[in-house]
Structure formats: C-alpha cells, structure tokens
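Thank you all for making the time this morning. I would like to walk through one structure with you, going from single residues to helix packing and then to a pocket, and I will try to keep to what the coordinates themselves support.

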Amino acid sequence: MGSIDAQIALLAICALFFLFGTGIWIGMSMIGVSIAVMWMFAPAKPAGDAMATVVFSDLSSWTLTALPLFIWMGEVLFRTAISEEMFRGLAPWMQRLPGRLVHTNIIGCTIFAAVSGSSAATCATIGKMTVPELRRRGYPDAIAIGSLSGAGTLGLLIPPSLIMIVYGVQAEVSIAKLFAAGIIPGILLAGLMMAYVAGWSLLNPTKIPPPDPAMPLREKLRESSSLIPVVLLILLVLGSIYAGVATATESAAFGVIGSFAIAFWQRRLTLRNFWDSVMGATRLTSMILLILAGASFLKLAMGFTGLPRHLAETIAAMGLTPGMLILVLAVLYIILGCFLDGISMIVLTAAIVLPMVEQAGIDKIWFGIFITIVVEMAQITPPVGFNLFVLQGMTGKSIFWIGKVSLPFFLTMVLCLLLLYFFPGLVSFLPDLMVNAAR
C-alpha cells in the first residue's frame, strides 16, 4: 500500500468522523464516504452496483431476522408495563443485604436484560419503577442513580443481546454460542456490582435507610409471584437456545409470542400499546439496519484501499502479545465510545479489527464478549453514553454528574474484563457444552 493511498484512506476516515460530528445519520455518512473511496480507488467498478450487491448480500442474512424479533419482544414488555411489578417482587428479599433496596436496580436490570437485549430499554424500564421509590425511601441519589446507570448496561451482555447479534453477523460466528458465552460473564458482572454496593453501604451505614419490618416467608413468596411470568419467558428464550431446540431466530419468535401471551393474560395488551410496540421496534430496527448497510459498503470500499490488510500486517509486525493487543483495543473502543453508539463502533471497526484479532490467535467468541463489555463501558461514558441520556431525561441531573456517579461501576467492568482475560473458561464453558450451536 503506497503512502499516497494510505494518506487518502486515512483522510477518508477523518472525513467520516467529521460527518458524524455534524449530526448526519451515521449510516448515510458511511455510505457517502464509501462512494467517494470507490470513485478514487476503484473507478472502473460502478459504486451503485457494488453497494447494491454487498448490502443485499449482508442484510439478507437469516441470522439478522433475530434482531427485529428480539427488539419487538423488549418493546412489548416495555409498552405493556409488565416489568412494573418487579420492584414489589424483589424488594422483600433485599432488606437484609448491605445496601438493601439499591440491589433492586442491579437484580431488576439483570432479569429484564434477559428479555430485552437493549441497554437503553433496560435502564429506562427499571429506572422508571426504582428511582422514584428509592428517592421516596431516602436513598442517596448518587448510589441509586449510579447503580442504575451501571446495571442498565447488562442489557447488552446478558442474552438476548442486540450487540451480540450485530457482532455475530460481522464476525461470522454462532449467535447461539455468543448468547451462551454471555451468561456467566453477565452474572459475574452483576455480582461485582452488587459487591460494590454492599461495600459502599458498609462504609456509609448512615446513608442507608433502616430496613422495613420483617416479612414472613409466605408473604415474600406471594409478593414475588409477579416475577414468575418474566422468569418463564427467560427460560423459554434462553433454554431453547442452550438445549439446541431452537436457533437464535426461532427463540426470538418464541419470545415475541411469549411476551404477547403474558401481556394478554395479565390484561395489559391493548390496540394502542400493540401499535406502539410495532412502531418502536420498526424505528429501532430501521436505524440499526441503515448503520449495518453503511458499514457493509464501507467494509468493501476500505478493502480496495488495502488499509485493513495493511494495519493487520503492521500490528503483526509489531509483535504485540494478545494481552497487549486487547489493552490497545480496549482503550480505542473506550475513546470511540465518547462519540459513537455501540453498534456503530462495532460495524465501523469490524473490517479492521477482526483481521488483527484472528492474526493474534484470539478466539472470536471470547472477543465478542470482550467487545460487548467495552461497549457497555461506552454506554456510561460522557458525552454520548446512551444510558446517561436516558437517566438525564428521567432524573434531571447533568450528564457529567451521572457519569461521575457511574465511575465505580465503570471500574467494576474493568475488573470483570481482567477476570475474563485471566480466566477465559468463564466465557467458553457454556458454549463448549451446547448441544447444537446452530446460528
């Protein structure tokens, strides 16, 4: 790759980030830069024909059909307010833990993440029911909002995860195996966040309100009965994948049917919230697919410049160990997270990063979990962390204040990454046991 070609390719990347900064749609920005790159590096190949071919080829993947279905399932649960009874079901069991009801943020997000797939939806849904209640009971905003901000990101890690579907398509790995790989790290991260809340409460005992009066076991079980439908839905979706009964797409269809069945049984399904769920899922799916279309074309255009291959060869020549490469990529993605959303980060960098990862001999399933956690970090990184925007609208607090109280939970994600690096079996254990890893 000549120096002039390299300079032009890097200039194109700079132009792309400039367009992002102007507020132009990310998908359209990538398509526009791709057309310009094609004109410069492959003038004999019609850009329109190339775009049509590659976009149709990549977006017609059967695996991608799981994306709108999981989005729709989450929208149904959100619009029909099924999750509103979670606080009542969880609260009696949290009273004796250090930190008490703050743990409802983390456990509630963990449960809802298993039927949502979206970080923003998880944060908004759980926050809507816990933040007013925690404030009413006198819990400090810093720990209540900070724990919600951090735990809301579990919507990306605990399957089903929209980020994992996008990464799986880009990396051409099994979505089902990615989902299985995310279960133990997701539970581990939730446990680390709960451990931090417990430690903080032990160091600040005067800031935590006294527990409610003790409740008999029978009363606790009755209060928790509202959690049963959601737990059954989780078992249906994840159990069908893990047992090899269904692919990720088929389990997504089961999830949509199950969410409608629960909403109908609880008499929460109306024509209005049905229509709202359809339109909400359509808008989010269209946004993601436009980004994926732009990324597919950009990947083809950058291939003509030779930049991805050149960078992969440069990294290989530097002799970086897998650990050093992971550290460099973590820093890169955290910086990108200050300006881009998670899906855009993955699709924009896949063509360059994945060859490096393969060259270094890093397992792509493990790397998928790594990149998901780093994208989680981006969700609570100012100024473009999506969870920060959600919580700003919900609480009226400054984005930078929310970012500050989220910092301890950002650090728990760093600790989680270190544990996964030194103990990779935490990621590979469940995928290796799967009966059938059909995508």
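When I speak of a helix here, I mean a DSSP run of H or I that is at least four residues long, with the numbering of helices starting from the N terminus. In that sense Leu-336 belongs to helix α17, which covers residues 322-336. Please keep in mind throughout that what you see is a predicted model.

Let me stay with Leu-336 for a moment. With a relative accessibility of 9%, Leu-336 counts as buried, because the cut-off for that word is under 20%. Once neighbours within four places in sequence are set aside, Leu-336 is in contact with Phe-17, Met-345 and Thr-349. There is also a pairing in space with Ala-378, which is 42 residues away in sequence, while the two C-alpha atoms are 7.9 Å apart.

Val-197, in helix α11, can be described along similar lines. Its relative accessibility is 0%, so Val-197 counts as buried. Leaving out residues up to four places away in sequence, Val-197 touches Pro-98, Gly-99, Val-102, His-103, Ile-106, Ile-143, Ser-147 and Phe-409. For one of these, Ser-147, I can add that the sequence separation from Val-197 is 50 residues and the C-alpha to C-alpha distance is 7.8 Å.

Thr-372 sits in helix α19, and what is its relative accessible area? The value is 0%, and Thr-372 is therefore buried. Beyond its neighbours within four places in sequence, Thr-372 is in contact with Leu-156, Leu-157, Ile-163 and Met-164.

The next residue is Phe-260, in helix α14, which spans residues 248-265. Phe-260 counts as buried at 15% relative accessibility, and, not counting residues up to four places away in sequence, it touches Trp-72, Val-76, Leu-269, Phe-274 and Ser-277. Phe-367 lies 107 residues from Phe-260 along the chain, and their C-alpha atoms are separated by 34 Å.

I now turn to the loops. Thr-206, in the loop between α11 and α12, has a relative accessibility of 78% and so counts as exposed, the cut-off there being over 50%. From Thr-206 to Val-54 the C-alpha to C-alpha distance is 60 Å, with their positions 152 residues apart in sequence.

Some backbone values deserve attention as well. Most residues other than glycine have a negative phi, and most peptide bonds are trans. Against that background, Arg-100, in the loop between α5 and α6, has a positive phi of about 45 degrees although it is not a glycine. Glu-172, which lies in the loop between α10 and α11, likewise is not a glycine and has a positive phi, of about 60 degrees; at 64% relative accessibility, Glu-172 counts as exposed. As for the peptide bonds, the one joining Pro-159 and Pro-160 is cis, with omega at about 0 degrees, and Pro-160 is placed in the loop between α9 and α10.

Which residues meet where helix α8 packs with helix α20? On the α8 side they are Ile-145, Leu-148, Ser-149 and Gly-152, and on the α20 side Asn-387, Leu-388, Leu-391 and Thr-395. By class, this contact has four nonpolar, four polar and no charged residues. The two helices, residues 141-152 and residues 386-395, pack at an angle of about 145 degrees with their axes 10 Å apart, and their crossing is right-handed.

Finally, I come to the pocket. The largest pocket has a volume of about 550 Å³. It is lined by 26 residues, and those closest to its centre are Ser-118, Ala-120, Ala-121, Leu-162 and Leu-284. In terms of class, the lining is made up of 14 nonpolar, eight polar and four charged residues. Which helices each supply at least two residues of that lining? They are α4, α7, α10, α15, α18 and α19, and α19 is also the helix in which we placed Thr-372.

I will stop there and take your questions.

Key. Residues are numbered from 1 along each chain as its sequence is written. This is a predicted model: local features need pLDDT of at least 70, side-chain atom pairs count only at pLDDT 80 or more; totals for chains, interfaces and linings use all residues. Side-chain values use heavy atoms; hydrogens and water are left out. Axes are lines fitted to C-alpha atoms, for helices over the stretch in contact, and angles run from 0 to 180 degrees between N-to-C directions. A crossing is left-handed if the near helix is turned anticlockwise from the far one by less than a right angle, and right-handed if clockwise. Contact means heavy atoms within 4.5 Å. Ala, Val, Leu, Ile, Met, Phe, Trp, Tyr, Cys and Pro count as nonpolar, Asp, Glu, Lys and Arg as charged, and the others, Gly among them, as polar. On a 1 Å grid over the protein atoms alone, a cavity is a set of points where a 1.4 Å probe fits but cannot get out, and a pocket is an open set with protein on both sides within 12 Å along at least five of seven lines; lining residues have an atom within 4 Å of a point. Grid points are joined across faces, edges and corners, and a volume is the space filled by probe spheres set on the points. Buried means under 20% relative accessible area, exposed over 50%, partly exposed in between (1.4 Å probe, protein chains only).
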